[in-house]
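Reader: I am new to this structure and should be grateful for a close look at a single part of it. Please choose one site and describe it together with the parts of the chain that supply it.

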Amino acid sequence: MEDKKTEKTVEKKETKAVNLKDITICEATAQMLQKAKRDGVETAFDRALSMKACPIGADSACCKHCAMGPCRLNPKNPYEKVGVCGATIDTIMARNFARMVASGSAAHTDHGMSMLDLFREVVNGHIHDYKIKDTQKLEEVAASIGIEVEGRSVKDIATDLYKELERTYTQVEGEIPFAKRVPAKTLETWRKHGIVPRGSMREIMELMHRTHMGVDQHYENITKQCSRTALADGWGGSMVATEISDILFGTPTPVSVEVNMGVLKEDHVNIIIHGHEPNLFESMLVSVNEPTLIKAAKAAGAKGINLVGMCCSGAEMMSRHGVPHAGNFMSTEAVLVTGAVDAMCVDVQCIKQGLVKVADCYGTPLFTTNPRCHIEGATHVEFNEHKPGECTDEMVIRAITRFKNRTAAVEIPNIRNIGIHGFSHEYINYMLGGTFRGSYTPLNDNIINGRIRGVAGVVGCTNPRVKHDWVHTELVKELIKNDVLVLQTGCSQITLAKAGMMTPEAAHIAGPGLREVCETVGMPPVLGMGSCVDNSRILVAASEMVRVGGLGNSIADLPVAGAAPEWMSEKAISIGHYFVASGVYTVFGVTFPVIKETKFHKLLFEELESQGLGKWGFSPDPYEMARMMIAHIDKKRKQLGIDKARERTLVDMADRRAMDVA
Ligand code: SF4
Ligand code: MSK
């Protein structure tokens, strides 16, 4: 029996008892952490409590780029000393930051390249299990980069598109193809600074070279290549991943989906796909609908096979096919604690090694599938796009076996949240303008007339160093209360879905202007756009806002801001930096790997903006973060001369009191 006093707490290894309410606001995760405690199972939440983050590393005041070091500088007095080679704090921090961008950019561009490889094999007729699903999108993407589409066959257009997009990776001189989508003034600024990406392989290679010991030792010059590499992610690798996935698997349109651990079913064979690349998930969708496998599941005593997503490939499948989603990054261990998961199948990125032990405790098979990602202790079943069913069928069969032999006690949190997901930028266009006059004009008009104050992208991970899901939720609530339309991707989108904010009804907590627009259009005040790579959809939406007119000539002119309130991965830093380099004020929470009052900090947080780009911001506090983003949006409104319109349109005092905002 559980002791009542400790019922709501997880005890830290030594003495300190921790209230679960301080760790997560996700009730399902909290319930599973209690069960994990009872079962003697450790998760990343426990490890984050028992292992303090290294303060010198957190400030980026150390360097281990050569064997004369590692060198540690004093974060409290950063100019007091230099590394053995003489490297200053600004060089060390800029190099460390740049390598995070290189790694994050590599992850997204390699994901994009996998999609492009698959596309090539489909177009060449070497793969038959996937096909081009969205020919309209194929034509639109091709036309957007200057490929002739009129009167041509799908195969011819697709062949040209493949050849053109391959340059995103391999080109050594020139500009990446999607540079053609960048607003002219933004592109002109990039050209002036020499930061238009050539090809992502070259940019990542050059950044790794320049951050080697004894090469680039000027933080400003390092930051230029850092921007170029990040832009090769956002407007290159990530954009290719999004566009090719839409062409192959379909462009998302709004769909009602259930999110949270309650989507697991005790009497079904539960299979979770967790990772980033949709090709594995698409094949698993076919396997779980295979009549012989359904029959086998029933023969094993199950009512059926229940396929569920997690993290970003989960977000993509949720948007494209309405597949239920069990939770975000910080719930991936907790979901195994239900005992109800009969297989967890992973591909790449954000897969905690800690999953192996937790899965083992509950007799859940953990399958790795991608040649890039093996995990010691997991079972590897390699996925091959030429015969995808071999891998996914095998994992279903093993899941059925686990169901039949389940010994772990099953406890599924009875929590499900319904929301609308799948707002591609194409759908936003259609939603606002209608089928025949699809356009962002109504969005721009509503920004100009002040009903919508501005647009914010709130994206990114969850992180056990902060209260799980809380920072995202409070920030988004604060933004919509202040008439800021919120666009979301990744784990952040799952957080807000769990908070019930992905429904048109959530408009009742929005400010009066945004509420009116949402009610007129029938849309939620928070629009889910997909996975991490789908942040590229936000770039396209921003470009479209510039193209439609009335809000300035570059992305930097727009009344928009971005945030990753609970970020943890290097990919998040790359995303943040490509938004900054594209012209967006971007605020991160948790911690920021740069020491205040250094030259490098000043460059990122102030000077990039005066160069015509965006700038970085930081606050761990969601209310302060919202204040900073809204102040920036208001500054942009003022520069555009549309600040007065908002004062006229908004709001009477009764409205303000009802909103309970300052
Ligand atoms: Fe130290 Fe310089 Fe070597 Fe870095 S590169 S570890 S600062 S000596
Ligand atoms: S999965 S990068 S934890 S958003 Fe894309 Fe979530 Fe961040 Fe991974």
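Author: The shell around ligand 2 takes at least three residues from domain 3 (261–404) and at least three from domain 4 (419–640); the bounds of these domains come from an automatic or database domain assignment. The model is a predicted one, in which local features need pLDDT of at least 70 and side-chain atom pairs count only at pLDDT 80 or more, while totals for chains, interfaces and linings use all residues. Residues are numbered from 1 along each chain as its sequence is written, chains are lettered from A and ligands numbered from 1 in the order in which they are written, and side-chain values use heavy atoms, with hydrogens and water left out.

Around ligand 2 stand H276, C311, C312, F329, C350, G460, C461, C491, C532, M568, S569 and K571; a residue is near a molecule if one of its heavy atoms lies within 4 Å of it. By character, eight of the shell residues are nonpolar, three are polar and one is charged. In this division Ala, Val, Leu, Ile, Met, Phe, Trp, Tyr, Cys and Pro count as nonpolar, Asp, Glu, Lys and Arg as charged, and the others, Gly among them, as polar. One member of the shell, C350, has a positive phi near 65 degrees although it is not a glycine. C350 belongs to the loop between β8 and α13 (355–361); helices (H or I, at least four residues) and strands (E, at least two) are DSSP runs, numbered from the N terminus.

Strand β8 leads to a sheet. This open sheet has five strands in the order β7-β6-β8-β9-β10, paired in parallel, and two strands pair if DSSP finds at least two bridges between them. At its edges are β7 (305–310) and β10 (379–380), each paired on one side only. Two bridges join β9 (residues 366–368) to β10 in the parallel sense, and T368 faces H380 in β10. Helix α14 (residues 388–404) packs on the sheet and touches β6, β7, β8, β9 and β10, with its direction at about 155 degrees to that of β8. Contact means heavy atoms within 4.5 Å; axes are lines fitted to C-alpha atoms, for helices over the stretch in contact, and angles run from 0 to 180 degrees between N-to-C directions. Helix α10 (residues 278–288) lies across β6 (269–275), β7 and β8 (341–346), at about 165 degrees to β7.

A salt bridge links the side chains of R402 and D342 at 2.8 Å, N to O. R402 is in helix α14 and D342 in strand β8, so this pair ties together parts 60 residues apart in sequence. The count of salt bridges is 42, each being a side-chain nitrogen of Lys or Arg within 4 Å of a carboxyl oxygen of Asp or Glu.

A further open sheet has six strands in the order β14-β13-β12-β15-β16-β17, with parallel pairing. Its edge strands, β14 (526–528) and β17 (616–618), each pair on one side only. On average, neighbouring strands of this sheet are turned by 25 degrees against each other, direction ignored. Strands β12 (residues 454–458) and β13 (residues 484–488) pair in the parallel sense over five bridges, and V458 stands opposite Q488 in β13. Helix α17 (residues 470–481) lies across β12, β13, β14 and β15 (560–564), running at about 145 degrees to β13.
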